[in-house]
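Trainee: Please take one part of this model and examine it closely for me. I should like to follow the charged side chains and their surroundings.

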Amino acid sequence: ACVEELFQSDYPAGCESVALTCILNAMGYDVDAGTIIDGYLPVDSDAVDFVHQFAGDVYAFGGAYPPVMVEVANSYLDDQGSAYGFSDASGCSFFDLLAKVEKGYPALVWTTGGMVDDPMYTDEVIDDYTWYDNEHCVVLYGNDGDTVLIMGPTDGFVEVDEGLFARLFEECGSMCAVPVLKAV
């Protein structure tokens, strides 16, 4: 799948939706982030529920975790009559995630902004998820030796040390979502 650079310039807090749009485009769907945000993303403007909705305002602050982004992806793909859906693969090992990416489509991966700092966890907990303030979502689309290939909605194409990325992936809760062929 061919990944193109997409930036969240118009949506300062919309990294999840822009990363998802990047993957949908790589899957062959001609969609823009505005369509995903305006047509599919449930928003909690009180910025409380980051698991079942986007908590905040994509134009200012906030974020969302895998359950809601999987729901957004599946709603969009269902509307397209797609044979594909998204699966919340959170909890898998980094190497299992990399194996999934090498078999087909890129993955949504939760990490930290700039991938430089450890997650700054808060006391906000919903279900089994704890919010961290420097939450960021990127597209993992491959690896090259000891580096992983990332399309980040703030930084575009970057290569990141595989060990660092794997550590951040685990420290951020091993949260990810991947496209899968639906069961028939």
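Mentor: Asp32 counts as partly exposed, at 44% relative accessibility; on this scale, buried means under 20% relative accessible area, exposed means over 50%, and partly exposed lies in between, with a 1.4 Å probe and protein chains only. This is a predicted model, in which local features need pLDDT of at least 70 and side-chain atom pairs count only at pLDDT 80 or more, while totals for chains, interfaces and linings use all residues. Residues are numbered from 1 along each chain as its sequence is written, and side-chain values use heavy atoms, with hydrogens and water left out.

Asp32 sits in the loop between H1 and helix H2 (33-40). Helices (H or I, at least four residues) and strands (E, at least two) are DSSP runs, numbered from the N terminus. From C-alpha to C-alpha, Asp32 and Lys182 are 23 Å apart in space, with their positions 150 residues apart in sequence.

Lys182 leads to the salt bridges. In general, side chains of opposite charge can pair when their charged atoms come close. A salt bridge is counted when a side-chain nitrogen of Lys or Arg is within 4 Å of a carboxyl oxygen of Asp or Glu. How many salt bridges does a search of the whole structure find? The search finds three.

One of them joins the side chains of Asp78 and Lys182, at 2.7 Å from N to O. Asp78 belongs to helix H3 (residues 66-79) and Lys182 to the segment after strand S11 (176-181), so this pair ties together parts that are 104 residues apart in sequence. Asp78 is partly exposed, with a relative accessibility of 46%, and Lys182 is partly exposed at 33%.

Another salt bridge is formed by the side chains of Arg167 and Asp118, again described from N to O, at 2.7 Å. Here too distant parts of the chain are linked, for Arg167 is in helix H5 (residues 162-171) and Asp118 is in the loop between S5 and S6, 49 residues apart. Arg167 has a relative accessible area of 33% and is partly exposed; Asp118, at 40%, is also in the partly exposed class.

Arg167 also forms a salt bridge with Glu171, where the closest N and O atoms are 2.9 Å apart. Glu171 and Arg167 are four residues apart in helix H5, which means that about one helical turn separates them. Glu171 is partly exposed, at 30% relative accessibility. Asp118, Arg167 and Glu171 are thus linked in a network of salt bridges.

The loop that holds Asp118 deserves a second look. Met115 is placed in this loop, between strand S5 (107-112) and strand S6 (121-126). Most residues other than glycine have a negative phi. Met115, which is not a glycine, has a positive phi of about 50°. Is Met115 buried or exposed? Met115 counts as buried, at 7% relative accessibility.

Asp127 offers a second case of this backbone feature: its phi is positive, about 55°, although Asp127 is not a glycine. Asp127 lies in the loop between S6 and strand S7 (129-132). In contrast to buried Met115, Asp127 is exposed, with a relative accessible area of 52%.

There is also a grouping of like charges. Asp144, Asp146, Glu159 and Asp161 form a patch of negative charge on the surface, and Asp144 is placed in strand S8 (residues 135-144). Patches are built from residues with over 30% relative accessible area and no salt bridge, like charges being joined within 9 Å and nonpolar side chains (Val, Leu, Ile, Met, Phe, Trp, Tyr) within 5 Å. Accessible areas come from the Shrake-Rupley method with a 1.4 Å probe, and for residues only the protein chains shown count as cover. Lys and Arg count as positive, Asp and Glu as negative, while His and the chain ends are not counted. The place of a charge is NZ of Lys, CZ of Arg, CG of Asp or CD of Glu.

Finally, consider Tyr59, in the loop between strand S2 (54-57) and strand S3 (61-63). Tyr59 is partly exposed, with 47% relative accessible area. Leaving aside residues up to four places away in sequence, Tyr59 touches Asp10, Tyr11, Pro12 and Asp38, where contact means heavy atoms within 4.5 Å.
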